[in-house]
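Biologist: Please take a close look at the interior of this protein, and then explain in a connected way how the sheet is arranged. I would like to follow each step on the structure itself.

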Amino acid sequence: MSEPTLTMGYAEFCSETGYFLGYGRDAISSPVKWTSDQQTAIDNVVQGGVRRFYNPPAIGKEPPYRWSFMEPVTTLTTVANTADYALPEAFAGIRGELTFAPADAWWIAVALVDENQIRALRQQPTGLTGHPRAAAVQWYSTAGSSPQLAKLLLYPTPNAVYTLSYRYQCKQNALTVAAPYPLGGQPHVETILASILAVAEERMNDVRGMRWESFMERLTASVEFDKARLNPEVYGYCGDPG
């Protein structure tokens with residue numbers, strides 16, 4: 001599937017960054033005009049700008065915004081008599097409750113609770129199994145030589161195969177020639193570019209200037225666009241029940 005022609009990807013971001021830094025525009029192809037050091041500097045700025053867009057600063061007194069497109073829905077299939085499940089490497093946190101598939105014929109969602117509550121429930125000498133009612137995320141410790149991973153703790157222990165759906169915050173990889181497109185797509189590319197150029201301005205001049213202001217303006221527009229996509233157009237029947 002191809003991206004719309006008005007979108008921007010890694011090569012375009014690098015080209016605009018190279019021009020801003022005074023290295024001239026170029027394409028990420030062979031032969032490349034930029035020196036190795038220039039390419040490294042450009043890539044560092046691009047990745048820094050994308051990271052800032054994915055994890056944006058607060059706007060005014062509002063808390064930092066969390067993008068809807070960074071919270072996909074996935075599924076987990078339980079195994080009978082197994083209570084703990086490894087979560088995806090890209091996992092960064094669960095949003096909301098976990099729900100069962102219609103085929104599971106169970107209408108009560110699995111509540112997300114604190115990890116210590118699951119440990120407290122499990123110390124009870126009941127050996128309870130059945131449809132899970134509560135879940136918690138537990139992070140593995142790491143010395144930094146490998147990424148920190150997490151697992152999902154369920155209570156009670158599933159007594160059968162169930163399909164649980166959940167929405168999660170996901171970590172992202174760097175943009176590359178092979179994977180050039182940032183999350184959010186075409187509606188946000190100008191905001192991403194503004195973020196990249198704001199990072200370039202800071203690293204060149206050690207100051208937040210016009211590019212930072214431009215980024216914050218674009219960020220406000222992108223946040224409003226994302227919020228509008230989340231607002232339902234139909235709220236259901238609101239008439240007089242009498």
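Modeller: What follows begins with the core and then turns to the sheet.

This is a predicted model, in which local features need pLDDT of at least 70 and side-chain atom pairs count only at pLDDT 80 or more, while totals for chains, interfaces and linings use all residues. Residues are numbered from 1 along each chain as its sequence is written, and side-chain values use heavy atoms, with hydrogens and water left out.

The largest nonpolar core (buried Ala, Val, Leu, Ile, Met, Phe, Trp, Tyr and Cys joined through side-chain atoms within 4.5 Å) holds 31 residues, and those with the most contacts inside it are Phe 13, Val 46, Val 50, Trp 67, Ile 196 and Phe 215. Two or more residues come from each of the helices (DSSP runs of H or I, at least four residues) α1 (10-20), α2 (36-54), α4 (189-205) and α5 (210-230), and α4 gives the most, with nine residues. Leaving aside residues up to four places away in sequence, Val 50 is in contact (heavy atoms within 4.5 Å) with Leu 175, Ile 192 and Ile 196. Another core lies apart from this one and has 18 residues, among them Leu 98, Ala 135, Leu 152 and Leu 154.

Helix α1 also contains Ser 15, which is buried (under 20% relative accessible area, with a 1.4 Å probe and protein chains only) at a relative accessible area of 12%. Beyond residues up to four places away in sequence, Ser 15 touches Gly 24, Arg 25, Asp 26 and Trp 34. Two cysteines are buried as well: Cys 14 has 1% relative accessibility, and Cys 170 has a relative accessible area of 12%.

Turning to the sheet, four strands (DSSP runs of E, at least two residues) form an open sheet in the order β2-β7-β6-β4, and their pairing (at least two DSSP bridges between two strands) is mixed. Because β2 (84-86) and β4 (111-112) stand at the edges with a single partner strand each, one side of each is left without a neighbour in the sheet. Strands of a sheet pair through backbone hydrogen bonds, and they may do so either parallel or antiparallel. Strands β6 (residues 134-139) and β7 (residues 150-155) run antiparallel and are joined by six bridges, and if you look along this pair you will find Gln 138 opposite Lys 151 in β7.

Definitions and conventions
Buried means under 20% relative accessible area, exposed over 50%, partly exposed in between (1.4 Å probe, protein chains only).
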